[in-house]
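Let's go through some contacts and the rules behind their names. Here is what we will be looking at.

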Amino acid sequence: MRRPPAVMVAVVVHRQHVPLKNKQKRDNQPMTQTIHMALAGNPNAGKTTLFNTLTGSRQHVGNYPGITVDYKEGFFTHKNQEINLTDLPGTYSLTAYSVEEVVTRDYLVNEKPQVVINIIDASNLERNLYLTTQFLELGCPLVIALNMIDVAKDRGIAINPEKLAVLLGVPVAPIIARSGKGTDILIDQAVGQSGQQWQPRDISYGEDLDAAIMDMIALITEEKFLTGIYPPRFTAIKYLEHDDQMLKKGQQENSLTADILEEKVTQVSDHLLKTMDAYPEAIIADHRYGFIKSILRQGVQTQNFDTDRLYTSDKIDKVLTNRLLGPVFMCLVLFGLYQLTFSWSEIPVSWLESFFGWLGSQAETLLPDGPVKSMLISGVIHGMGGVLGFVPLIMFMFLGIAILEDSGYLARVAFMMDRIFRIFGLHGSSVMPFIISGGIAGGCAVPGVMATRTLRSPKERLATILTVPFMNCGAKVPVIALLIGAFFSENKAMYMFLFTLISWVVALLAAKFLRLTVLKGPATPFVMELPPYRFPTLQGLAIHTWERTWQYIKKAGTVILGISILLWAMMSYPELSAARKADFEQQRQLISVAVSPAILAESSSKSDAVSEEALTLRQKISLINRQESEQALRHSLAGKVGLTLEPISTLAGFEWRTNIALVGGFAAKEVIISTLGTAYSMGDVKADASDSLGQRLTTDPNWNKVVAVSALIFIMFYAPCFVTVVCIAKEAGHWGWSLFSISFNTIFAFLLATAVYQIGIRIG
Amino acid sequence: MPEINLRQMKKDQSGTISAIKVGGELGLRMREMGLVAGTRITIQGRAPLNDPVALRVMGGILTLRNNEADHITVFVEDKV
Ligand SMILES: Nc1nc2c(ncn2[C@@H]2O[C@H](COP(=O)(O)OP(=O)(O)OP(=O)(O)O)[C@@H](O)[C@H]2O)c(=O)[nH]1
Ligand SMILES: [Mg+2]
């Protein structure tokens with residue numbers, strides 16, 4: 001039954017063509033072929049849990065083109081039947097306002113899965129059935145997975161699935177997605193329902209609306225208006241619900257008919273407002289709930305305990321969201337997350353560091369000198385090491401977030417912080433991305449940007465994505481520490497804290513600015529659900545953590561590799577002319593012949609304990625080497641870039657060598673220190689051995705306290721590193737936002753740095 | 001049963017929604033979460049800064065910002 005991995009890869013590659021492929025399959029091949037099923041339901045109903053239980057590891061994460069919602073496709077075999085299962089984003093209804101809803105509805109009508117498994121939280125049956133009524137109206141072959149019956153039972157809710165099935169006219173299978181109980185029967189039923197004709201069901205919306213709907217259906221059928229995609233009644237209802245996406249599609253399809261329909265809707269709305277003081281959408285919702293209530297009342301659901309009884313989860317909330325204890329506990333949890341991530345990852349990070357160090361030294365000794373060696377060491381090994389070295393840190397961070405998310409605590413953090421973040425045009429759920437990106441100093445904007453996925457309001461989400469890179473991530477911290485150590489050594493801790501504070505203030509104000517300009521608009525209405533506290537499952541945590549970590553490795557690994565090779569090439573080519581090289585070689589020769597052969601031999605030995613003369617010789621030679629590499633750098637493409645930028649950058653106090661480092665920092669902020677090292681003739685400077693670079697800077701005439709502050713400000717706020725930029729493009733769904741982020745941040749940072757420098761030199 | 005605005009309800013107070021006067025996306029979001037006339041709600045609590053408010057609705061807990069809650073009127077039950 002195991003399909004070899006290669007087959008799965010083939011499916012991944014052809015993902016974009018799935019619609020075509022599916023149709024062909026259905027038209028040309030008999031039913032014994034793979035059955036396509038889709039999992040849909042409310043957020044937190046257990047879709048992903050059921051998906052994982054059914055498919056195990058045979059799955060992959062995809063991404064809908066152009067938007068950010070992941071979907072997952074997996075395969076499994078049930079009684080010799082190959083089944084392809086898609087996990088859709090959670091939605092509360094099929095009215096297309098948010099990305100999740102658009103994605104889910106488009107998937108259903110475009111891909112036409114052979115059967116939809118509607119997963120329902122049995123402990124919240126009434127609310128969950130609201131979505132079900134819309135599936136019924138759409139008419140897709142449906143099976144109901146009545147999930148979390150264990151939770152319902154604990155809460156004293158008894159449900160009669162047979163009765164529910166009869167009244168809805170749809171098979172119902174009680175399951176526990178976590179343990180897999182009942183899933184066999186569920187899949188039996190799903191296979192049985194698959195491939196059925198789409199059969200829309202009618203729900204009555206009261207006299208006024210039903211009459212209007214009938215009129216609209218007549219027109220829609222006559223004009224064949226969108227009938228290839230939606231059942232006529234579904235279209236009519238969505239028009240009455242003012243469904244944006246439907247209205248747009250209608251205008252594209254046939255604007256004449258669309259206008260008539262819209263006119264009709266306005267008429268009905270006016271009439272209803274006058275006679276009943278209600279919007280049509282509200283009446284539709286009332287009737288849907290009425291339909292649900294009438295079913296539940298016929299003995300489907302019985303409540304054994306008093307409904308006012310506090311559930312365990314509510315009791316926990318009494319403490320954790322308490323006005324006084326809540327914030328205290330939250331600070332402890334966030335601090336704990338930070339501790340967990342940074343202290344536990346220290347050891348594996350150092351292992352990886354020494355591994356890459358070892359790799360570098362192996363290359364150093366084994367490979368012949370030349371451009372290939374130089375590229376492998378400076379480009380490939382250093383570049384990859386810089387990124388892969390972060391993997392353990394990222395993994396612990398994601399594990400921590402997965403725990404907070406899966407347990408339900410993250411929603412409480414959003415609840416408690418919402419009031420503050422709203423002032424800046426953000427949402428309570430923006431807290432996590434900010435903290436992950438370095439809100440407590442040391443983090444990473446890449447997972448930070450990814451963590452914005454928990455935000456469901458698009459404008460707030462975009463504003464968060466664009467401002468989290470302002471936080472002091474783990475790669476900026478060493479640079480900041482270096483400059484503070486060099487120029488403000490008296491008050492290190494205080495300055496470090498000050499700069500963390502500045503990053504928050506700037507990020508929040510920038511968010512406010514964006515929300516008042518490019519991302520203008522009222523706060524997205526967002527009625528958030530606080531899910532009950534649950535113990536996260538190990539499998540769930542492992543899958544969550546690994547999925548996200550792997551995405552980071554893949555993206556960062558490929559992108560960074562390319563960039564660091566490019567950077568290496570820019571700093572190495574064009575090389576100094578042969579004459580200039582020969583000149584330096586001659587200088588070395590001159591010094592070498594001036595001493596006795598014995599001392600020469602001694603100085604070129606590997607030993608540290610050498611005579612005074614040999615030591616002087618070494619120093620002289622290395623001085624020439626440094627001068628040569630500085631000259632080479634000036635001559636290289638990177639040097640030219642640095643020099644070209646100098647006339648502008650001096651406004652903020654930066655000379656050409658600093659420019660190279662800052663440009664390099666765009667690839668990865670870690671690069672700033674090593675590039676500064678090379679540029680200031682220090683040879684290869686590592687982040688941990690940066691004391692001497694600090695000293696070197698304090699004595700350089702081009703550097704002083706004012707320049708240092710200006711540089712600090714610039715480094716904190718200019719363009720995010722390349723990996724973050726790629727991530728922003730992916731998460732925001734458009735490269736335009738990445739370009740915006742690069743230019744906006746750089747200009748903003750430059751203006752700020754210039755202001756600091758110009759004011760600084762004037763007041764001394 | 002007196003009819004008051006949801007914003008004025010106190011912690012642990014229960015009531016039945018009498019009307020929700022808002023259309024558009026906010027109206028939709030409320031309705032799909034079960035906030036319709038006739039639904040019984042209980043105030044679960046408020047965030048440390050008094051806003052948003054957490055409600056017990058049907059089988060779950062929802063949070064609403066105060067300015068969103070303003071659109072909802074409730075027949076409150078007398079006992080607290
Ligand atoms: N007790 C119990 N918990 C369950 C069951 N099924 C799922 N859960 C838990 O419910 C929580 C939510 O499950 P998910 O599978 O993440 O829900 P989802 O539908 O994928 O949610 P979204 O992706 O946010 O739409 C997890 O903590 C699960 O462990 C069940 O049958 N019983
Ligand atoms: Mg899920």
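Q: How do you know that chain B and chain A are in contact?
A: Contact means heavy atoms within 4.5 Å, and 42 residues of chain B meet that rule with 45 residues of chain A. This is a predicted model, in which local features need pLDDT of at least 70 and side-chain atom pairs count only at pLDDT 80 or more, while totals for chains, interfaces and linings use all residues. Residues are numbered from 1 along each chain as its sequence is written, chains are lettered from A and ligands numbered from 1 in the order in which they are written, and side-chain values use heavy atoms, with hydrogens and water left out.

Q: What makes up the area that chain B and chain A bury between them?
A: Buried area is the accessible area (1.4 Å probe) that two parts lose on being put together, summed over both. For chain B and chain A that is about 3,800 Å², with 53% on carbon and sulfur atoms.

Q: Why is the pair Asp51(B) and Arg422(A) called a salt bridge?
A: The term asks for a side-chain nitrogen of Lys or Arg within 4 Å of a carboxyl oxygen of Asp or Glu. Asp51(B) and Arg422(A) have N to O at 2.8 Å, so the pair qualifies. The count between the two chains is 5 salt bridges.

Q: Which element gives the most to the side of chain B that touches chain A?
A: That is α1(B), with 8 residues; helices (H or I, at least four residues) are DSSP runs, numbered from the N terminus.

Q: What makes Lys249(A) and Asp106(A) a salt bridge?
A: Their closest N and O atoms are 3.6 Å apart, so the same rule is met. Across the interface of domain 1 (7–193) and domain 2 (207–290) of chain A, the rule finds 3 salt bridges. The domain bounds come from an automatic or database domain assignment.

Q: How do you know that Asp150(A) is in polar contact with ligand 1?
A: A polar contact is a pair of N or O atoms within 3.5 Å; within protein, one must be able to donate a hydrogen and the other to accept it, and residues adjacent in sequence count only if both atoms are side-chain atoms. A side-chain N or O atom of Asp150(A) is 2.9 Å from a nitrogen atom of ligand 1, so the distance fits.

Q: What about the backbone of Ala45(A) and ligand 1?
A: A polar backbone atom of Ala45(A) is 3.2 Å from an oxygen atom of ligand 1, so this pair also passes.

Key:
Helix = DSSP H or I, 4+ residues; strand = E, 2+ residues; numbered from the N terminus.
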